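Please open the structure in your viewer and keep the selection panel at hand. The tour below proceeds by one selection at a time.

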Amino acid sequence: MNQELNNIRSEFMALLMDLKTAQELEELRIEYLGRSGKLTQLTKTLKDLPSEERRDAGSLLNETKQIIVRELSEKLAQFSNTASTFDTTVPGILPPMGNMHLITQSIEEIADIFTRIGFIRRSYPEVEGDWYAFEALNMPKEHPARDEWETFFVDKPLHNKLGKLVLTPHTSSGQVREMQAQKPPIRMINIAKCYRRQSDVTHVPMFHQFEGLVIDKGITVSHLKGTIEHFAKSFFGASGVSRIRPYNFRFTEPSFEVDFQCVHCNGRGCKFCKSGWHEVGGAGMVHPNVLRAGGLDPNEYTGFAFGWGVERVSLLRPGLGINDLRTLYSTDLRVLTQF
Amino acid sequence: MDILVPDQWLREFIKTNATPLQIREYVSLIGPSVERIEGSGESAVYSVEVTTNRVDTASIFGFAREVHATMPRFDKKSELVSPVLKNTKFKKAVDYIDIKTDKAVTPRFCAVLIEGLTARQSSPLIQKRLKAVGIRPINQIVDITNYVMTELGQPLHAFDYKSLKNKKISIREAKKGEHIKTLDSVKHTLLGGEIVIENDGHLIDLAGIMGGENSKIDESTTAILLCAPIYAPEKIRKASMSLSARSVASGLFEKGLDTEGAADALKRAIYLYEELGGVAHDALDIYLGKPPITTIKVTDTFINDRLGVSLKISEMEEFLRDLQFNVSVKGNTLQVTPPSFRALDVTIPEDIVEEIARMYGYHNIPSTMLSGALPEQPVVSEFAFIHKLKTLMKGYGGVEVYTQSLVSSQAVGDNALRIKNPLGAESEYLRTSLSASLLLAAAENKHTSEPYHLFEISRVYLPQGNGLPNEQLRIAGVFGNSEYRAAKGILTAFFHELHIKREPKLQVVNGIYVYEYELEDLAKNTKPFNTFEVASKYPSQIEDITIKQTADKKIGEIISALEDIDVRIVHVDYIDSYQENLTFRVRYHDPKKTLTNPEVAAIRGKIEKSFEVI
């Protein structure tokens, strides 16, 4: 009987392998486990065996039956999963899906990049006296450099200490406020709305800048370069390359223009960049007059500052595909839900 | 300001083996930024960005000086060729003109009488060069003034000598209400303080901006009074701004020109006019206000400490000499005197740092990460809170939007800050609420029929007397195509997450549900976590009860009333309603024991006394 059981088991396994449909599976089940199935028949002969053999055969019979039952159900499960009774292509039910704005995503990433190296995020007034926006930044009244900031003025009488009220045309207005609020060491990152009287493909009247200010003993141009590089690599990826070139700002000396290498062409020059580089904004060593305006002694402290456009650096990222800055200020859900 | 420099014209003053592309690349790294090269080969033109402090580079020759200083740093040959000048004699007085000046208005005024000219067309070369830099050729008398201005950066003005009556002119500040008609036929009524030139009781020049029509060069001109003036920069700037009258000349004057350059420009022009057959008299030079040139003492340590490099003092000296600075070295101190054309720009040791740094090459300065002590970290961060709120709203399906801070008069009440110079009526005021902007955003999305939730966290600007406005951070949102309960549920969950006990408030405007909260208020009331309570060992009993609503009771009131009936009614949820029948899910709980059915029945009995339970 043991031999017979082994044969049944092998035969069953062979037949099972060739099965194609649930119908055939059912037929196979009846052939082995049905009322007159092969295994059922054999069970009926068990009682005819000598008692010493009966125990062994009985347990083997049980084992065989269990195997067949298990194999059948596994095969059935396979059929169920692949058969039309269960359609795995049915779409899932979505949870509510919101969107964080691209500008918010950039701001948080920028803040993170700088707070990682000890910067503290601050915020300062957006409506500010022109003393902080210009004079404290070494731009006396009527200085032609003020023209470069197409400034909005608030229709209000002069404030006796702050001068004319303006919408801050740059985050640099926070520099002297920071110096007044905090003794060196200063490592500030100020990300805020700025306003300029301009509107075209690359300019919007309201935009965001991020301003870095570092003041301590022994701060050098080399530290500024290191900080710019840290940002370029963190924001644009390991291949992010930056450079500084001569420029002029009244509130820094020396002053620099900061360029990031075009990520589309790796600096070879393409339709996005023309020259292989993108200008992102200014930087420089804090002018001694600005340190003085902040109550600091330029013989004791040196520092650097930079101010770049959040939108500008965001749109430089490869694969984003937004060419018009104004897209970021769309209120159309079809735009917003893509961020 | 951007200037155009034709390569061929540049190479008249600089002999170099550098190609235009190399000039562009190298000069941009060390000096002014060469933004573009238009055209190629012989017709290549550089577009150069000149910063306000470097008006000395705003000319062909000025740019050539920078190229010359740059090339040795890139192992390129370079030789600077000075423009050819006429060796004219300059006198303090001449017989052909009497000029009255004022030091505060014109620190230097050079002039010369040139006769024997004809106002015909300029040579093809001069015409071609002027066109290449965007100047329209007129006739050779006028063209040379523009040619020399482009070449040397010093504006010149030629008066028709025969139009000058009495041979007397005076240069002064204008009085309020005076009139002048300029070359472009525009009549200006002056506000006072502009610089003007007067002849025989009439204004003949809106100085530094544009000449007067009454003294202009025409076909009959044979003799000119050619002037090379230096004007007070702030007066030119103020005049050109207040009259909205700009010209290439005013753009140069207002940045502060080199007083020494005026005589050279006149000599250059005389040379060119004489080539055309003109005859020049001795020139007049009224030089009343020579600006001081600052000699700066700075140590090599000061410079190296600011750059993070260790340059030798001899290298520093070489860089400065290449830039035509006068340098002497004593020990570790450099004594530096800038050339006259840098007198206004270079006045403090930091300026010397910049000159040495750019000549060394910013690209050669190493990059170092910051080290040293860290500033004290703030305990509470508004930014973390903003992030939390945004994350919550996003999680509930909110879509963040950035709307403009500047809005129309309709979007604000009576008390809002107005912009003096807005771009338009749609952006004339600083907003005092976010809701108005978000409702406009909702109107923009009429095309969608799906429910949506737009939100924003931003500042509003509330006027405060004469001081700065209160810039108040707020969160606001709009729900469109939404069920009231769904919208309210989001705010309920929002407050729940913030551990703030508050009934959400929604306004309805044209079917849109709107909310707006002050962040400071939320921050004050939020808790980072709830105080923990041990979970009860005893089970609750929960049952649904349907109550008939009476006209005077709102659902919220019924819930409060139910919860007040017995302390063991610990929670009541609203399930739904059918006509006037409201179904609530009531949870009974006793923290000290398991409630028995008779006990629950007793509490239910109290409910039945207060309400009609179905």
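In β4(B), which residue is the bridge partner of Val5(B)? Select Val5(B) together with Tyr46(B): Tyr46(B) is that partner in β4(B). Please bear in mind throughout that this is a predicted model.

Next, extend the selection to the two strands concerned. Strand β4 of chain B covers residues 45–49 and is joined to β1(B) by five bridges. These two strands run antiparallel.

Now add β3 of chain B, residues 33–38. The selection then shows an open sheet of three strands, in the order β1-β4-β3, with antiparallel pairing. In chain B, β1 (residues 2–6) and β3 stand at the edges of the sheet; each has a single partner strand, so one side of each is left without a neighbour in the sheet. Viewed along the sheet, the twist from one strand to the next averages 25 degrees.

Keep the sheet visible and select helix α2 of chain B, residues 20–30. This helix lies across β3 and β4 of chain B, and the angle between α2(B) and β3(B) is about 160 degrees.

Finally, select chain A. Its secondary structure consists of eleven helices and nine strands. Along its principal axes, the C-alpha trace of chain A spans about 120 × 45 × 45 Å. The radius of gyration of chain A is 38 Å, whereas a compact globule of 339 residues would have one near 20 Å. Of the 339 residues in chain A, 42% are buried. Among the contacts in chain A with a separation of 6 or more, 65% are between residues 24 or more positions apart.

Terms used
Residues are numbered from 1 along each chain as its sequence is written. Chains are lettered from A and ligands numbered from 1 in the order in which they are written. This is a predicted model: local features need pLDDT of at least 70, side-chain atom pairs count only at pLDDT 80 or more; totals for chains, interfaces and linings use all residues. Two strands pair if DSSP finds at least two bridges between them. Helices (H or I, at least four residues) and strands (E, at least two) are DSSP runs, numbered from the N terminus. Axes are lines fitted to C-alpha atoms, for helices over the stretch in contact, and angles run from 0 to 180 degrees between N-to-C directions. Two residues are in contact if their C-beta atoms, placed from the backbone, lie within 7 Å. The radius of gyration is taken over C-alpha atoms; the globule rule is 2.2 Å times the number of residues to the power 0.38. A residue is buried if 20 or more other C-beta atoms lie within 10 Å of its own, exposed if 12 or fewer, and partly exposed in between; C-beta atoms are placed from the backbone.
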